[in-house]
Amino acid sequence: MQDTKEQPPPTLPEDIARMSKHKLSSDSNPREIFWVMVEAYENEEGFEELVKKYGGIREALVNIGCSVLQEPSRAHRVRIARAKLAKCIFSMIVIGRWGDVLGRALSNLYERKRGPELNMLMAFGDGFSNNKELVGGWLKEMLAKERPEEEVLSYITNAGDREMAGYLRGELLNIARTEINEPQIYSMEALALLMPKDAEVAKLFVDMMDDWDIETKKIALETLKACPLPEAARKAVTLYVYEPDELFRVALEQIIGNNKEGAAGEITKMFGRLRGKEAEELGGLAKRVYGKEKAKALIPKELPLEIRKEAEKTVE
């Protein structure tokens, strides 16, 4: 009979063996835990288990991660590229289902003048692409708040992802219609990715062509300059002669020039309504956009002879 003392110890279960190299003392501080998790991510071993184990201190881990991402690389305990470190932080949030701290991560790595932190922005874009329903669901919840966070909207806008903008379309439309300042601007910039095919989004931009807010108006006009949208051209004609800002007048003329056919009927209507200086400005616009002969052809033939002659002089 073999002595039981000579028998080899039982083999540790695979998951326990894998985690043993990441063993932490009971009094380990969150920063030490964070670096152990980064090492596990870099080595592709035990990361998921650690994320699930330390979900209770997720706020501290995300705060530490955001701080570390902004520190000089020489201060890092693990040699890892910044882009990969950002992906590690975002992976913690995704794997751990830490949606409640996603906003914290984005706000920690955002400055109004500089915008989102570039590495986190890339991680954010990849995180959405690879986990659309999960990350997109979190974003929908954040955008549905009474006061959506500027930082979150900035990340969405700067991601430049048409699929993301489409997924969040309803929330972005609501913000663009009801908010002001940065939230409205960021939401419009994101929605611009859906132009001109989305009819509801296109209508929003046309409605904003004469918005009271200068920045909102600027985004609307700059976006519409690149869109073959007849309704935008028609409205541009009605706004042009009354627009006091020369830069906006240039934008309106470009919108008309890019949609000549769509604008023609509205120019004919305006020739029938305007007199004096406003008629001269309309004539000059028509001549520049269509050329002398075509512009003259847009003047309504049924106008009284004297008024028609005055209109024709404006395009000479």
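**Exercise 1.** At what angle do helix H2 and helix H4 pack, and how far apart are their axes? Classify the arrangement.

*Solution.* The model is a predicted one.

Step 1. Two packed helices are described by the angle between their axes and the distance between the axes.

Step 2. Helix H2 (residues 30-43) packs against helix H4 (residues 58-69) at about 70 degrees, and the axes lie 9 Å apart.

Step 3. Angles of 65 to 115 degrees count as roughly perpendicular. H2 and H4 are therefore roughly perpendicular to each other.

**Exercise 2.** Which residues of H2 and H4 meet? Describe the contact by residue class.

*Solution.*

Step 1. From H2, the contact involves Pro-30, Arg-31, Ile-33, Phe-34, Trp-35 and Met-37; from H4, it involves Ala-60, Leu-61, Ile-64, Gly-65 and Val-68.

Step 2. Sorted by class, the contact of H2 with H4 has nine nonpolar residues, one polar and one charged.

**Exercise 3.** Determine the geometry of the aromatic pair formed by Phe-34 and Trp-35, and decide whether each residue is buried or exposed.

*Solution.*

Step 1. The ring centres of Phe-34 and Trp-35 are 5.4 Å apart, with 70 degrees between the planes. Planes over 60 degrees apart count as edge-to-face, and the pair of Phe-34 and Trp-35 is edge-to-face.

Step 2. Buried means under 20% relative accessible area. Phe-34, at 0% relative accessibility, counts as buried. Trp-35 is also buried, with a relative accessible area of 3%.

**Exercise 4.** Over which ring does the charged end of Arg-249 sit?

*Solution.* The charged end of Arg-249 sits over the ring of Tyr-240, 4.4 Å from its centre. Tyr-240 is one of the buried residues of helix H15 (residues 230-240).

Key. Residues numbered from 1 in each chain as written. Predicted model: local features only at pLDDT ≥ 70, side-chain atom pairs only at ≥ 80, totals over all residues. Heavy atoms only, no water. Buried < 20%, exposed > 50% of the residue type's maximum accessible area, 1.4 Å probe, protein only. Helix = DSSP H or I, 4+ residues; strand = E, 2+ residues; numbered from the N terminus. Axes fitted to C-alpha atoms, helices over the stretch in contact; angles between N-to-C directions. Parallel < 35°, antiparallel > 145°, perpendicular 65-115°, else oblique. Contact = heavy atoms within 4.5 Å. Nonpolar A, V, L, I, M, F, W, Y, C, P; charged D, E, K, R; others polar. Phe/Tyr/Trp six-rings, centres within 6.5 Å; stacked < 30°, edge-to-face > 60°. Lys NZ or Arg CZ within 6 Å of the ring centre and 35° of its normal.
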